[in-house]
Amino acid sequence: MASACASSAVAAVAVSASRHVFFSALLPISQKSGNSLAATKASFLAGKSLRHRKLATPVVARAFSVNAEAAPDRPLWFPGSTPPEWLDGSLPGDFGFDPLGLGSDPDSLRWNQQAELVHCRWAMLGAAGIFIPEFLTKIGILNTPSWYTAGEQEYFTDKTTLFVVELFFIGWAEGRRWADIIKPGCVNQDPIFPNNKLTGTDVGYPGGLWFDPLGWGSGSPEKIKELRTKEIKNGRLAMLAVMGAWFQANYTGTGPIDNLFAHLADPGHATIFAAFSPK
């Protein structure tokens, strides 16, 4: 992958140089253009990643309308580091971390923001569905299968029917979310019950009785940004937790709560290293 990235960068510089020579035969090159080309070559020789900028495209203000101004001394993922110019701290959960430059394009930044938000929410639901039933089963309140064997159980219908039904409903919900990203506000009114309307002003934060029953989405921009940052933080932690539960089930054959109780019963031997030691 490194060699492919290097080849792409070399090709980008070659194309940039060819265009420079071509246009120099037609138009006089200003000093600003020369400085820009020199800076590009210097960045490449210094090992910095090259970014191709697109023409500025209008970004829908609704997607970022509640962002508070970032403090000059805002926290960064690595103290003392310099955040990319496109991560100015105005987005919730922005700590200046984008080593691959995935958000350098405004459209990509907008898309990745929504993708992370949805993944965070699904991960929080998934983590709750893994840990809570397993804990309640462990202490004798419930009697449910572990999450990694739930798919092997027999339900009221076959697995194919369950999959098709789930695909339909999730596809419908995701289709409306996608439509809202493309044309913000186009799905604010319920197609079946017209009196039910969403009150949110930002993409990804629909508001209303169903999505914001406590009214936390109203208030000052600073308060809203704080709550949204907490949501992103918890969602990122949940994504790591779900991944950890998957690794535990794969290497130990038990769930995270069983692993926790086993470790508390024998802290010296029931550790992560025991999962990789020969039996």
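This passage describes the helical architecture of a predicted model, with emphasis on helices H3, H6 and H7.

Local features in this predicted model require pLDDT of at least 70 and side-chain atom pairs count only at pLDDT 80 or more, whereas totals for chains, interfaces and linings use all residues. Residues are numbered from 1 along each chain as its sequence is written, and side-chain values use heavy atoms, with hydrogens and water left out.

The secondary structure of the chain comprises seven helices and zero strands, where helices (H or I, at least four residues) and strands (E, at least two) are DSSP runs numbered from the N terminus. Of the 279 residues, 21% count as buried, a class defined by under 20% relative accessible area, with exposed meaning over 50% and partly exposed in between (1.4 Å probe, protein chains only). The chain exposes about 19,800 Å², of which carbon and sulfur atoms supply 66%, as computed by the Shrake-Rupley method with a 1.4 Å probe. Among contacts (heavy atoms within 4.5 Å) with a separation of 6 or more, 54% are between residues 24 or more positions apart.

Helix H3 has 33 residues, for which a span of 48 Å is expected at 1.5 Å a residue, in agreement with the 48 Å between its end C-alpha atoms; the expected span is 1.5 Å times one less than the number of residues. The buried residues of H3 include Leu 109, Gln 113, Leu 117, Cys 120, Ala 127, Ile 130 and Glu 134, and the buried residues of this helix pack against helix H4 (159-182), helix H6 (221-252) and H7. For H6, the 32 residues should span 46 Å, and the end C-alpha atoms are 46 Å apart, which agrees. Among the buried residues of H6 are Ile 224, Arg 228, Ile 232, Gly 235, Ala 238 and Ala 245, and the buried residues of H6 pack against H3 and H7. Just after H6, Gly 253 adopts a positive phi of about 75°.

The axes of H3 (residues 106-138) and H7 (residues 256-265) come within 8 Å and cross at roughly 55°, the axes being lines fitted to C-alpha atoms over the stretch in contact, with angles from 0 to 180 degrees between N-to-C directions. The two helices, H3 and H7, are therefore oblique to each other, given that angles under 35 degrees count as roughly parallel, over 145 as roughly antiparallel, 65 to 115 as roughly perpendicular and the rest as oblique. In this contact, Ile 130, Phe 131, Glu 134, Phe 135 and Lys 138 of H3 meet Pro 256, Ile 257, Asp 258 and Phe 261 of H7.

Ser 146 lies in the loop between H3 and H4 and is buried, with a relative accessible area of 16%.
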